[in-house]
Amino acid sequence: MRYSRPSEPAPLASSPEDRVTSNISQSYPYSSETEAERAAAVDAVVAAHEGLGATLEGASTPLDASERWWTYHHAGCGGTLHVAGYGREQHAVVTVCDRCGATALR
Ligand SMILES: [Zn+2]
């Protein structure tokens with residue numbers, strides 16, 4: 001059934017490059033922060049959510065040194081996702097929301 005998903009938007013007349021840009025925009029960085037801001041935000045949310053520190057340790061590996069990190073908008077609650085570590089298995093960073101404590105790969 002090639003047309004079994006009518007809810008999908010009709011393909012736009014666009015080049016492959018346009019489609020790549022569109023995919024990237026879905027997880028486009030929201031803003032950025034310094035390492036000190038990132039570390040403080042992650043510390044605060046870990047302190048506020050019991051068990052979160054262990055969850056992050058299990059899901060991620062420590063970050064390399066960097067002066068700035070991206071932050072991302074958490075559409076689920078309106079909070080900001082801060083980078084907490086590198087994903088152990090995926091080529092992604094593990095982020096944690098400063099409002100609801102959710103973790104997400106970005
Ligand atoms: Zn959130």
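What follows is a conversation between a colleague and a modeller about reading this predicted model.

Colleague: Where should I begin, and how many helices and strands does the protein have?

Modeller: Begin with the inventory: 3 helices and 6 strands. Along the sequence they come in the pattern α-β-α-α-β-β-β-β-β. Keep in mind that this is a predicted model, so let's look at confidence before the details.

Colleague: Good idea. Where is confidence lowest, and where is it highest?

Modeller: The mean pLDDT of the protein is 82, and 73% of its residues reach 70 or more. Confidence is lowest in helix α1 (residues 16-25), with a mean of 43, and highest in α2, at 98. Over residues 1-6 the pLDDT is below 50, and that stretch has 0 contacts in the model beyond near neighbours in sequence. Residues 12-26 also stay under 50, and for them the model has 1 contact beyond four places in sequence.

Colleague: Let's turn to α2, then. How do I read a helix that has a buried side?

Modeller: The general idea is that an α-helix has 3.6 residues a turn, so residues three or four places apart point the same way. In this structure, the buried residues of α2 are Arg38, Ala41, Val42 and Val45. They cover an arc of only 95° around the axis, which puts them on the same side of α2. The face turned away from that buried side carries the exposed residues Ala36, Asp43, Ala44 and Ala47.

Colleague: What is the length of α2, and what do its buried residues pack against?

Modeller: α2 has 14 residues and reaches 20 Å from its first C-alpha to its last, close to the 20 Å expected at 1.5 Å a residue. Its buried residues pack against β1, α3 (52-59), β3, β4 and β5.

Colleague: An arginine on that list caught my eye. Why does arginine 38 count as buried?

Modeller: The call rests on counting neighbours: arginine 38 has 20 C-beta neighbours inside 10 Å, so it counts as buried. Arginine 38 sits in helix α2 and touches Glu33, Trp69, His82 and Val83, leaving aside residues up to four places away in sequence. You can also compare sequence with space here: arginine 38 and tryptophan 70 are 32 residues apart in sequence and 9.0 Å apart from C-alpha to C-alpha.

Colleague: And the nonpolar core? Which residues belong to the largest one?

Modeller: As a general idea, nonpolar side chains in soluble globular proteins tend to be buried together. Here the largest nonpolar core has 12 residues, including Ala41, Val42, Val45, Trp69, Leu81 and Val94. The elements that give it two or more residues are α2 (35-48), β3 (68-73), β4 (80-87) and β5 (93-97). The largest share, 4 residues, comes from β5. From the helix, valine 42 touches His82, Ala84 and Val96, not counting residues up to four places away in sequence.

Colleague: What makes β5 count as largely enclosed?

Modeller: Look at burial along the strand: 5 of the 5 residues of β5 are buried, so β5 is largely enclosed by the rest of the structure. Val93, Thr95 and Cys97 point one way from β5, while Val94 and Val96 point the other way.

Colleague: How do I trace the strand pairing? Which strands pair with which?

Modeller: Follow the bridges from one strand to the next. Strand β1 (residues 31-34) and β3 pair in the antiparallel sense over 4 bridges, with serine 32 partnered by tryptophan 70. Next, 3 bridges join β3 to β4, also antiparallel, and threonine 71 has histidine 82 as its bridge partner. Then β4 and β5 run antiparallel, joined by 5 bridges, and histidine 82 stands opposite valine 96. Finally, β5 and strand β6 (residues 103-105) pair antiparallel over 3 bridges, where valine 94 is partnered by leucine 105.

Colleague: And the turns between those strands? Which glycines take a positive phi?

Modeller: Check each hairpin in order. β3 and β4 have 6 residues between them, and glycine 78 in that turn has a positive phi of about 90°. The hairpin of β4 and β5 has 5 residues between its strands. In the hairpin of β5 and β6, with 5 residues between the strands, glycine 101 takes a positive phi near 80°.

Conventions. Residues numbered from 1 in each chain as written. Core = buried A, V, L, I, M, F, W, Y, C linked by C-beta atoms within 7 Å. Contact = placed C-beta atoms within 7 Å. Pairing = 2+ DSSP bridges. Expected span 1.5 Å × (residues − 1). Arc of directions from axis to C-beta. pLDDT = per-residue confidence, 0-100.
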